[in-house]
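Q: Please take a close look at the salt bridges in this structure, and follow them into the parts of the fold that they lead to. Give each cut-off where its term comes up.

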Amino acid sequence: MMNDKGKTQYIQMEGFEYKPNPYSSSNEKTMNWNCSTSEVIEESKKRCEVVTNQINNLSPHSKITDSCKQTLVRLVRSELKFLNRLSASSNHSSPISVNIGYVESIVHILQQPFINGVSRVCKPIPIPSQRGKKEDSIAKGVHVDIVCNLDKSPVWFIVSDRNPKYISWSGSHKNKGLRTRVEQVLAEAQSTLTLKPVSIILFFANGLDGAVFKKLGDGFGASELGVKFSLPNADFCDELEDDWVSVMARSYENACILQIQVDSMGNAVPMLDRGIRDPLLGDTRSELSECPTASMLEDEFYYLISRMKLVYLDVESTGPDMLSGEDIINFDTTALIALVSGISNGCTEKLLAAPEYELRERFKSNYEFVIAQVMSELQNPIFAELRPLMSGKIGMICETVHLEFKELVSMCGGPKERLRADQLLKHLSIVPDAPSLRMMGLPTTRKIAAKNKVVFGTGDYWRAPTLTANMGFLRAISQTGMSLLTLEHRPRALTGD
């Protein structure tokens, strides 16, 4: 609690009793408070309100899918419904089952800046024998609390909000125990391909007993995660008597966060002879040191690409493991087109001034699409949103994108767009197609085309987010549950400028 002078006072509430929660599949904890039951219920309701606001304020689709947010909201509503039933009941002699701490811990993890690409929360991953069979797959699947990327690597989170005293290693007839659960999750992580994590993160919100900690290290090679979780902000305040304020912000100072490495992701599927280098590389890279002219620096496009790092990526000598401290962006064809498009580079007024019949003749069935992009550019210039994404980053494209981009620009681009395309390629590293095994493990469908698996999979291999306007592909990937690093931009078309 906090008074009006800013001093903090903590009230210790004794009498916690932890038991399996019969009202939640996560079986987190049951509390028996010495304070009044009604106070426990009302505080738990407030915590539900706080965590709901936190869920709604989580970052947009690039951070977490709407489906994941809806899953969390449903969990909170279920808990709130249970609390409301307790409020209406007059019999509170038995311990009160509260599970909101589990959801709070999940959201606390999702709020961390290094967590992104959240594709699955609080759902089971079907075991191999159940894949392809809808019946009983959920009941028999391995439960994973979060499937996401930690910085640039795919990971699975297992989250516990239990009192460390009641985290059993060997288990009993009521509880299978921590060892069995870790064994099952690790076995699934090693057997799956498309959802394969680099590591499994165990997040114990209330800490972990030293003996269990040692067994995790000895039995599974678990070690403390070398990433610092930020402390939460005060999210909810409730005025009390005598100018005291109750701050609804939970502390995770005693949390224990461990990491278990899974075997290698399998790196990449080589699509080209890695000894073959692009014939343009020898010429274009030698020109990268040329100083831009004053007129170029005044141009938004040239200024934007000049802010990128000029680093040649070599699969053999560099590789993603050698660039862990560097930020790389993988561009797909839509991103390259958006950068060189006349719409992005000042020809919007010219297009709007042209007669409609002329534009319809030029753009055919794409007329409405192009005009919508022109209006979008006038309202929100695309370079303003791309500048912070690209500045100081290493830009890369795979061979598939390189060839497709050159073909599109040669067929549809105007003189200025072709010139910008040539300059853009000089500021990018062109790497062989090398899609990750997990991406190539996805079935090829109409929405998950083979070409896109190569493009996004090469970015996945380099642990680089792919900048794209291909929302259809991203939606299809999110439905598979795969955590994939992506950055979204608004589409732009070539105009013949």
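A: Asp145 is buried, with a computed relative accessible area of 1%; buried means under 20%, exposed over 50% and partly exposed in between, with a 1.4 Å probe and protein chains only. The model is predicted, so local features need pLDDT of at least 70 and side-chain atom pairs count only at pLDDT 80 or more, while totals for chains, interfaces and linings use all residues. Residues are numbered from 1 along each chain as its sequence is written, and side-chain values use heavy atoms, with hydrogens and water left out.

The partner of Asp145 is Arg181, and the closest N and O atoms of this salt bridge are 3.7 Å apart; the term requires a side-chain nitrogen of Lys or Arg within 4 Å of a carboxyl oxygen of Asp or Glu. Because Arg181 lies in helix α5 (residues 178–191) and Asp145 in strand β5 (residues 142–150), the pair ties together parts that are 36 residues apart in sequence; helices (H or I, at least four residues) and strands (E, at least two) are DSSP runs, numbered from the N terminus. Arg181, at 22% relative accessibility, counts as partly exposed.

The whole structure holds 14 salt bridges. In one of them the side chains of Glu385 and Arg490 meet at 2.8 Å, N to O, and since Glu385 belongs to helix α14 and Arg490 to the segment after β16, parts 105 residues apart in sequence are tied together. Glu385 is partly exposed at 29% relative accessibility. Another salt bridge joins Lys451 and Glu404 at 2.9 Å, N to O, linking distant parts of the chain, with Lys451 in helix α18 and Glu404 in helix α15 (residues 399–412), 47 residues apart. Both residues are partly exposed, Lys451 with 37% relative accessible area and Glu404 with 23%.

Helices α14 and α18 lead on to a sheet. This is an open sheet of five strands in the order β14-β13-β12-β15-β16, with parallel pairing, where two strands pair if DSSP finds at least two bridges between them. β14 (429–431) and β16 (486–488) stand at the edges with a single partner strand each, so one side of each has no neighbour in the sheet. Three bridges join β15 (residues 466–468) to β16, and within these strands Thr468 stands opposite Glu488. Helix α14 (residues 382–390) packs on the sheet, touching β12 (328–331), β15 and β16, with its direction at about 135° to that of β12. Contact means heavy atoms within 4.5 Å, and angles run from 0 to 180 degrees between N-to-C directions of axes fitted to C-alpha atoms, for helices over the stretch in contact. Helix α18 (residues 450–461) packs there too, touching β12, β13 (394–398), β14, β15 and β16, and its direction makes about 145° with that of β15.

The largest nonpolar core has 75 residues, and Leu339, Phe331 and Leu424 are among those with the most contacts inside it; such a core is a set of buried Ala, Val, Leu, Ile, Met, Phe, Trp, Tyr and Cys residues joined through side-chain atoms within 4.5 Å. Helix α10 gives the most to this core, with six residues. Seven of the eight residues of α10 (residues 333–340) are buried. Leaving aside neighbours within four places in sequence, Leu339 is in contact with residues including Phe331, Phe383, Leu386, Met390 and Leu424.
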